[in-house]
Amino acid sequence: MAVETIPWDPAEHLDGPEAIAAYLDAALEDGDPGLVAAALGDVARARGFSQISMETGLNREMLFRSLSADGRPEFATILKVMRALGVRLSASPAE
């Protein structure tokens, strides 16, 4: 018997600041830069790339490409997007 699957879109579940922060925190904890960029892309998609583009002053198409699993966004871009999303990076001691 074949297993039936349905597509899952994380952007559909990123409906509040706590969900967004937890999602990004998990991606950052993993340590994979591609995963972090893709997670930021998921959150930006949930909020709307056009909105994030306006708030950051960055080109919408460039954001879309940068915030993908294959994207390599500059750190300044990451900080601008996170600020527009209402989240911030913080440091804590590694355990």
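**Reading a helix crossing and a pocket**

Modeller: In this predicted model, the crossing of α2 and α5 is left-handed.

Biologist: How many helices and strands does the chain have?

Modeller: The chain has five helices and zero strands. From the N terminus on, its elements therefore read α-α-α-α-α. Along the principal axes, the C-alpha atoms fill a box of roughly 50 × 40 × 25 Å.

Biologist: At what angle do the axes of helix α2 and helix α5 cross?

Modeller: The axes of helix α2 (residues 33-47) and helix α5 (residues 75-85) cross at roughly 40° and come within 11 Å. Angles under 35 degrees would count as roughly parallel, so α2 and α5 are oblique to each other.

Biologist: Which residues in α2 and α5 meet?

Modeller: From α2, the residues are L40, V43, A44 and R47; in α5 they meet I78, V81, M82, A84 and L85. Sorted by class, this contact of α2 with α5 has eight nonpolar residues, one charged residue and no polar ones.

Biologist: How is empty space in a model found, and which residues line the largest pocket?

Modeller: Rolling a probe the size of a water molecule over the atoms shows where empty space is left. Here, the largest pocket holds about 360 Å³ of space. Its lining consists of A21, L24, D25, L28, E29, M82, V87, R88, L89, S90 and S92.

Biologist: Which helix gives the largest share of that lining?

Modeller: Helix α1 (residues 17-30) does, with five residues. By class, the lining of the largest pocket has six nonpolar, three charged and two polar residues. M82 belongs to this lining and is also one of the α5 residues that meet α2.

Terms used:
Residues are numbered from 1 along each chain as its sequence is written. This is a predicted model: local features need pLDDT of at least 70, side-chain atom pairs count only at pLDDT 80 or more; totals for chains, interfaces and linings use all residues. Side-chain values use heavy atoms; hydrogens and water are left out. Axes are lines fitted to C-alpha atoms, for helices over the stretch in contact, and angles run from 0 to 180 degrees between N-to-C directions. Helices (H or I, at least four residues) and strands (E, at least two) are DSSP runs, numbered from the N terminus. Angles under 35 degrees count as roughly parallel, over 145 as roughly antiparallel, 65 to 115 as roughly perpendicular and the rest as oblique. A crossing is left-handed if the near helix is turned anticlockwise from the far one by less than a right angle, and right-handed if clockwise. Contact means heavy atoms within 4.5 Å. Ala, Val, Leu, Ile, Met, Phe, Trp, Tyr, Cys and Pro count as nonpolar, Asp, Glu, Lys and Arg as charged, and the others, Gly among them, as polar. On a 1 Å grid over the protein atoms alone, a cavity is a set of points where a 1.4 Å probe fits but cannot get out, and a pocket is an open set with protein on both sides within 12 Å along at least five of seven lines; lining residues have an atom within 4 Å of a point. Grid points are joined across faces, edges and corners, and a volume is the space filled by probe spheres set on the points.
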